[in-house]
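Thank you all for coming. Before I begin, please bring up the model on your own screens, and keep the sequence beside it while I talk.

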Amino acid sequence: MANDLTGKPIAITGASSGIGLATARACAAAGMPVAVAARRVDRLDALVSEITAAGGRAIAVAVDVRDKDQCRALIDRTVDAFGSIYAVYANAGYGYEKPVHETSEDELRDIFETNFWGSLNVIRPALDRMIPQRTGHVLMCSSCLSKVGIPYMCSYSATKAAQDHFGRGMRHELVAYGIHVSTVHPIRTTTELFDEVARRSGGGRIYGREAMGFVQSPDQVASATVRCLRRPRGEVWTSLSTRLLFAAATAWPGLAEVLIRRYARRTS
Ligand SMILES: NC(=O)c1ccc[n+]([C@@H]2O[C@H](COP(=O)([O-])OP(=O)(O)OC[C@H]3O[C@@H](n4cnc5c(N)ncnc54)[C@H](OP(=O)(O)O)[C@@H]3O)[C@@H](O)[C@H]2O)c1
């Protein structure tokens, strides 16, 4: 039976644009009270007004996910506003395209602070609430790139692989507490991520330039994520064909490397 989401609160990071914004709208439309978090509070306030005008419940919380105290405050504010927390979606993240030898130590560390540690910073205080209530759902926005390494985005895909592997292990740890754990694996999605990639990289090399044929909207990712909240599963993909493609890349890494090298030569 599908899980009725009505009245079940969710906290979402990275909700000021792209996938997080679309997911917040979709969760609110499904009846979930939503705590939306990011650094650009003006955007969050506009989203809260939109959700409340449509009859939903929402609060905005200013959060830099690299800051553990701010992340804990997000979970506390969610519980204060809505009485409990059912789900947490660690979605905030960014990328850049640079060869490792041209990437500074600070850049290498910061992307892990945001994409990986930023996820744990919100998940851990959420678990403090979910474990005693013996129900909940933890989601992380990983990527299809968690399954492969592509040139110039090693650090990005490594952060996404770390989320993926944490998710897989945590799923087994938390099943006894009635808590689901899911990782979301978008392919290229039309969001501001690529503006940020270009800004941080001085123009795109591969990911920033071409779509490798697969493009989707943030609404497609959001719909798949709400389906997963209703009927929990380990991994969220928006199509079977891309899921199988990346499964094949894992099964035959040598073949995947030949194709990626050929593609990288064509585009760089
Ligand atoms: N777009 C794609 O093709 C794609 C594919 C696979 C996976 N993903 C993943 O999807 C997730 C969302 O990205 P998107 O595509 O929706 O890009 P986006 O439109 O650029 O959104 C990124 C979000 O993350 C937030 N953020 C970044 N750093 C933050 C920090 N330190 N503290 C708090 N919030 C922070 C941003 O908010 P503020 O700047 O307001 O703080 C923004 O709301 C990311 O984890 C990304 O890796 C995207």
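Let me start with a definition, since my opening example depends on it: a charge sits over a ring if NZ of Lys or CZ of Arg is within 6 Å of the ring centre and within 35 degrees of the ring normal. With that rule in hand, please find Lys8, which lies over the face of Tyr86 at 4.9 Å from the ring centre. Then turn to Arg188, whose charged end sits over the ring of Phe194, 3.9 Å from its centre.

I should say at once that this is a predicted model, in which local features need pLDDT of at least 70 and side-chain atom pairs count only at pLDDT 80 or more, while totals for chains, interfaces and linings use all residues. Residues are numbered from 1 along each chain as its sequence is written, and side-chain values use heavy atoms, with hydrogens and water left out.

Next come the aromatic rings. Rings of Phe, Tyr and Trp (for Trp, its six-membered ring) pair if their centres lie within 6.5 Å, and planes under 30 degrees apart count as stacked, over 60 as edge-to-face and the rest as tilted. The structure holds 3 aromatic pairs. How are the rings of Phe116 and Phe166 arranged? Their centres are 5.0 Å apart and their planes stand at 75°, so this pair is edge-to-face. The pair links distant parts of the chain, with Phe116 in helix α4 and Phe166 in helix α5, 50 residues apart; helices here are DSSP runs (H or I, at least four residues), numbered from the N terminus. Together with Trp117, Phe116 and Phe166 form one aromatic cluster.

Is Phe116 buried or exposed? Buried means under 20% relative accessible area, exposed means over 50%, and partly exposed is in between, using a 1.4 Å probe and protein chains only. Phe116 has 9% relative accessibility and therefore counts as buried, whereas Phe166, with a relative accessible area of 37%, is partly exposed.

Let me move on to the charged side chains. A salt bridge is a side-chain nitrogen of Lys or Arg within 4 Å of a carboxyl oxygen of Asp or Glu, and by this rule the count comes to 16 salt bridges. One of them joins Asp76 and Arg129, at 2.8 Å from N to O, and this pair too links distant parts of the chain, since Asp76 is in helix α3 (residues 68–82) and Arg129 is in helix α4, 53 residues apart. Asp76 is partly exposed at 28%, and Arg129 is partly exposed at 31%.

Glu196 forms a salt bridge with Arg199, the closest N and O atoms being 2.9 Å apart. Both of these residues lie in helix α6, 3 residues apart, about one turn of the helix. Glu196 counts as partly exposed at 21% relative accessibility, while Arg199, at 58%, counts as exposed.

The last bridge I would like to show is between Arg243 and Glu235, where the N to O distance is 4.0 Å. Here Arg243 is partly exposed at 34%, but Glu235 is buried, with a relative accessible area of 14%. Which residues belong to the network around this bridge? Salt bridges that share partners join Lys147, Asp164, Arg168, Glu235 and Arg243 into one network.

Terms used: Helices (H or I, at least four residues) and strands (E, at least two) are DSSP runs, numbered from the N terminus.
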